[in-house]
Amino acid sequence: MYHAVAAEPNDATRALSVAPRAFAEQMAAIADRGLTPIGTAELAAAWRSGRPLPRRPVLITFDDGYEGVHRHALPVLAEHGFPATLFVSTGWLRGPYDTGRALDTMLGWDQVRELAASGVEIGGHSHTHPQLDQLPEDRLRFELIHCKEIVADQLGAAPVSFAYPYGYSDRRVRRAVRETGYAQALAVGNGLARRAQGPYALRRVTVRRGTGPDEFARLIEGRAIARTFVRDRALTKGYAVLRGTRRLRGWWSRAGA
């Protein structure tokens, strides 16, 4: 799971960005180790049908829609012939639906279309990038449906894959994603994606600016992932409890109103 690919990211995106040179080295590592990148839809379709996956499959995904995915990542992906999936927050992209709340320089729709034409699967990532599990039902549905409609309008095809903003979801959110028409969805979880997780809770591992060559090699080989992300998992569990409390308070407040 990537976010920004940028030489000089701003403070808001720095930790979750990677330098262009590092990204190129990481894609070379995937090629050198004989892994086979596939798209999110391809993975889910194979697991649904029982068809075998290619040798040593790996997903390369980007969240949000930062401009560096087109400027820096696309040429490297094209050099290796690698497919990838880009999950866009439609209200963050430059163009007619821009809410002005993006964290850094974002893609424009012409660039998104070029990415799609180059074999990058375009998935949904909500409209305004909220914590979906904190939203009331009407707002949750708006985020999912509006994102899907905008992508369909701009690209001529509706997205079939979704990624939860911040990786947060619960049973209600996953049901809404399915009912909106997305065929599969990715979380974070910082673990390997496995068929038993189901098509709406597939895990990914985070690649950061501080991810060095040795750590990246361990990630793509599936080694020591739990140890690598032990702090992240502890923070995630603690924050899940906090978010659950906030959600209940919100429901009680609305019920009281």
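Biologist: Before we start, what is a nonpolar core here?
Modeller: A nonpolar core is a set of buried Ala, Val, Leu, Ile, Met, Phe, Trp, Tyr and Cys residues joined through side-chain atoms within 4.5 Å. Keep in mind that this is a predicted model.

Biologist: OK, so which residues of the largest nonpolar core touch the most other members?
Modeller: That core has 36 residues, and Y2, F23, M27, I30, I60 and F62 are the ones that touch the most other members.

Biologist: And which elements give two or more residues to this core?
Modeller: Strand 1 (4-5), helix 1, helix 3 (68-80), strand 6 (84-88), helix 4 (109-117), strand 7 (120-124), helix 5 and helix 7. Helix 3 gives the most, with five residues.

Biologist: Let's zoom in on F62. What is F62 in contact with, leaving aside its neighbours within four places in sequence?
Modeller: Quite a list: Y2, H3, V5, F23, V69, A73, L77, A84, T85, L86 and F87.

Biologist: What about a second core?
Modeller: There is a separate one of 14 residues, and Y164, V173, A176 and Y182 are among them.

Biologist: Switching to helices. At what angle do helix 1 and helix 3 pack?
Modeller: At about 20°, with their axes 10 Å apart. Angles under 35 degrees count as roughly parallel, so helix 1 is roughly parallel to helix 3.

Biologist: Is that crossing left-handed or right-handed?
Modeller: Right-handed.

Biologist: Which residues make the contact?
Modeller: Helix 1 uses P20, F23, A24, M27, A28 and A31, while helix 3 brings H72, A73, V76, L77 and H80. By class, that contact has nine nonpolar, two polar and no charged residues.

Biologist: Now helix 5 and helix 6. How do their axes cross?
Modeller: The axes of helix 5 (residues 137-155) and helix 6 (residues 171-180) come within 10 Å and cross at roughly 40°. The two helices are therefore oblique to each other, and their crossing is right-handed.

Biologist: Who meets whom there?
Modeller: From helix 5 you get E137, L140, R141, L144, I145 and K148, and they meet R172, V173, A176, V177, E179 and T180 in helix 6. The residues of that contact divide into six nonpolar, one polar and five charged.

Biologist: Last one, helix 7. Which of its residues are buried?
Modeller: In helix 7 (residues 213-220), the buried ones are E215, F216, A217, L219 and I220.

Biologist: And what covers them?
Modeller: The cover includes helix 1 (20-32) and helix 8 (225-228). Also, G222, just after helix 7, takes a positive phi of about 75°.

Definitions and conventions:
Residues are numbered from 1 along each chain as its sequence is written. This is a predicted model: local features need pLDDT of at least 70, side-chain atom pairs count only at pLDDT 80 or more; totals for chains, interfaces and linings use all residues. Side-chain values use heavy atoms; hydrogens and water are left out. Buried means under 20% relative accessible area, exposed over 50%, partly exposed in between (1.4 Å probe, protein chains only). Helices (H or I, at least four residues) and strands (E, at least two) are DSSP runs, numbered from the N terminus. Contact means heavy atoms within 4.5 Å. Axes are lines fitted to C-alpha atoms, for helices over the stretch in contact, and angles run from 0 to 180 degrees between N-to-C directions. Angles under 35 degrees count as roughly parallel, over 145 as roughly antiparallel, 65 to 115 as roughly perpendicular and the rest as oblique. A crossing is left-handed if the near helix is turned anticlockwise from the far one by less than a right angle, and right-handed if clockwise. Ala, Val, Leu, Ile, Met, Phe, Trp, Tyr, Cys and Pro count as nonpolar, Asp, Glu, Lys and Arg as charged, and the others, Gly among them, as polar.
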